Amino acid sequence: DLPAMLAAMLLSSGSADAPTAEYTVGGQRLSGHIGDERARALLAQPADVLVVQDNSGVPGRAIEKAYRESVRALDAVASATMHVPLVIVYGTWGHRHGSVYPQQRDAYPDYETMQARTSTGCASYAEILAKKRAPHQLRTAFAPVGAAFLNVYHGELERGVTPTEEGSLFFRLFVADHFHPSRLGTYLAACTFMELLLRSHPDLTFPTEWRPAPECSFDATLRERFGAEWRPEPMSDDDALRLQAAARKAVHAAVQP
């Protein structure tokens, strides 16, 4: 639960309570969200920050038609968020071994290829949205979560570890379906958003010592999916520090629109 984890981190960093709301339909594309009445109702609510995320298979242009539909949907996003001071485009991650979907395997045969194409596509969304919002003095930012995943991948290579080997830190960023994030992957995403938000809030400090709870309500859903014996990946202090460093490096290297 990324919104709840990030809210807890913000609270730990010295921020006031940060209420969140989300609408995340599994497998939905950006164009589908824009056509969804519940999503549009959420967009109409008062907000300080809005995060926009596409289906991970779309930004890398595995299917050009789907990518073009998402680009067109950014017009509707821009129009619907004129009351939101900051919109963040979620730069999502590639799948552990390349796309889990057979129809996308030619475009995304392995993690690095999928990550490179996905990050490029997500960055293009941020640039397009920024151009639509900037004339109204509204901010747009890019959260390079995918780049943070890639930093962990490269970090494993530097340690002489095969990143996709079971037990590696990169491997443990995912649950058993090879594409949804584990507790560690969600923590890495939260660290990336936290580093991004700290850029415009120098009064806050990164909560280095904060850790996710060992259990959360979403675990019940994962046990239904993966079996009653499923348990969340444990996270050591060394894991946490490495994930924090990967997020920090990604945000500092990212070109903001």
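**Overall architecture and the C-terminal helix H9**

Read from the N terminus, the elements of the protein chain follow the order α-α-α-β-α-β-α-β-α-α-α-α. The structure is a predicted model, and its secondary structure amounts to 9 helices and 3 strands.

The overall dimensions of the protein chain were examined next. For 257 residues, a compact globule would be expected to have a radius of gyration near 18 Å, and the value of 18 Å computed for the protein chain therefore agrees with that expectation. Along the principal axes, the C-alpha atoms occupy a box of roughly 50 × 45 × 35 Å. Of the 257 residues, 49% are buried. Among the contacts with a separation of 6 or more, 71% are made by residues 24 or more positions apart.

The accessible surface of the protein chain is about 12500 Å², and carbon and sulfur atoms contribute 54% of this area. The charged side chains comprise 25 positive and 30 negative ones, with the centres of the two sets 6 Å apart.

Helix H9 covers residues 237-253. Because a rise of 1.5 Å a residue implies a span of 24 Å for its 17 residues, the distance of 24 Å between its end C-alpha atoms agrees with the expected length. The buried residues of H9 include the charged Asp239 and Arg242, together with Ala240, Leu243, Gln244, Ala246, Ala247, Ala250 and Val251. The packing partners of these buried residues are helix H6 (145-158) and helix H7 (183-198).

Definitions and conventions. Residues are numbered from 1 along each chain as its sequence is written. This is a predicted model: local features need pLDDT of at least 70, side-chain atom pairs count only at pLDDT 80 or more; totals for chains, interfaces and linings use all residues. Side-chain values use heavy atoms; hydrogens and water are left out. Helices (H or I, at least four residues) and strands (E, at least two) are DSSP runs, numbered from the N terminus. The radius of gyration is taken over C-alpha atoms; the globule rule is 2.2 Å times the number of residues to the power 0.38. Buried means under 20% relative accessible area, exposed over 50%, partly exposed in between (1.4 Å probe, protein chains only). Contact means heavy atoms within 4.5 Å. Accessible areas come from the Shrake-Rupley method with a 1.4 Å probe; for residues, only the protein chains shown count as cover. The place of a charge is taken as NZ of Lys, CZ of Arg, CG of Asp or CD of Glu. The expected span of a helix is 1.5 Å times one less than its number of residues.
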